[in-house]
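I sat down with this model and a cup of coffee to look up a few things. Here are my notes, in the order I made them.

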Amino acid sequence: MNEYDDEILNYFLENQRQLFPENVAETPEEAGQFLEDCMAVVCSSLKEVKDYLDEAGMDVSGMDREELLAASEVFSIPDGRFLIVEG
């Protein structure tokens, strides 16, 4: 079971419409439950993001940093981590 800290939960709450047309959570507790349910992953580097997406079957071989960050399922957390949420 993943643990999502306050920074991850709050960032997801503020930016969830990046991936979803309407809010899927209103509180940090709901956000944590939602992220658990969809098995969201926290990565510490863009290389980890690329490796994860590659293993998930996404063709990322020619994608540069901007293209990876533009993927709607990749949330760039201000502290340098990345949250991947597969909708």
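Which exposed residues does the face of H3 turned away from its buried side carry? I found Lys47 and Glu55 there. Exposed means over 50% relative accessible area, buried under 20%, and partly exposed in between, with a 1.4 Å probe and protein chains only. Helices (H or I, at least four residues) and strands (E, at least two) are DSSP runs, numbered from the N terminus.

Before going on, I noted that this is a predicted model, in which local features need pLDDT of at least 70 and side-chain atom pairs count only at pLDDT 80 or more, while totals for chains, interfaces and linings use all residues. Residues are numbered from 1 along each chain as its sequence is written, and side-chain values use heavy atoms, with hydrogens and water left out.

**Helix H3**

I then turned to the other side of H3, residues 46-55, where Leu46, Val49 and Leu53 are buried. Seen down the helix axis, these buried residues fall within an arc of 50°, so they line one face of H3. The arc is that of the directions from the helix axis to the C-beta atoms. The textbook reason helps here: an α-helix has 3.6 residues a turn, so residues three or four places apart point the same way.

I also asked what covers the buried residues of H3. The cover includes strand S1 (41-43), helix H4 (65-70), strand S2 (74-76) and strand S3 (82-84), where contact means heavy atoms within 4.5 Å. Just after H3, I saw Gly57 with a positive phi of about 100°.

**The cores**

Next I looked up the largest nonpolar core, which has 16 residues. Such a core is a set of buried Ala, Val, Leu, Ile, Met, Phe, Trp, Tyr and Cys residues joined through side-chain atoms within 4.5 Å. Tyr4, Phe12, Leu35, Ala40, Phe75, Leu83 and Val85 touch the most other members. Helix H1 (6-15) and helix H2 (28-37) each supply at least two residues of this core, and H1 gives the largest share, five residues. I found a second, separate core of 11 residues, and Leu46, Val60, Met63 and Phe82 are among them.

**Tyr4 and Met39**

Leaving aside neighbours within four places in sequence, I listed the contacts of Tyr4, including Leu35, Met39, Ala40 and Leu83. Met39 sits in the loop between H2 and S1. Is Met39 buried or exposed? It counts as exposed, at 64% relative accessibility. Met39 also has a positive phi of about 55° although it is not a glycine. I marked that one, since most residues other than glycine have a negative phi.

**Arg81**

I found Arg81 in the loop between S2 and S3. The side chain of Arg81 makes a polar contact with the side chain of Asp5 at 2.9 Å. A polar contact is a pair of N or O atoms within 3.5 Å; within protein, one must be able to donate a hydrogen and the other to accept it, and residues adjacent in sequence count only if both atoms are side-chain atoms. Not counting residues up to four places away in sequence, Arg81 touches Glu7, Ile8, Val42 and Phe75, among others.

**The whole chain**

Stepping back, I noted four helices and three strands, in the pattern α-α-β-α-α-β-β. Buried residues make up 36% of the 87 residues. The C-alpha trace spans about 35 × 25 × 25 Å along its principal axes.
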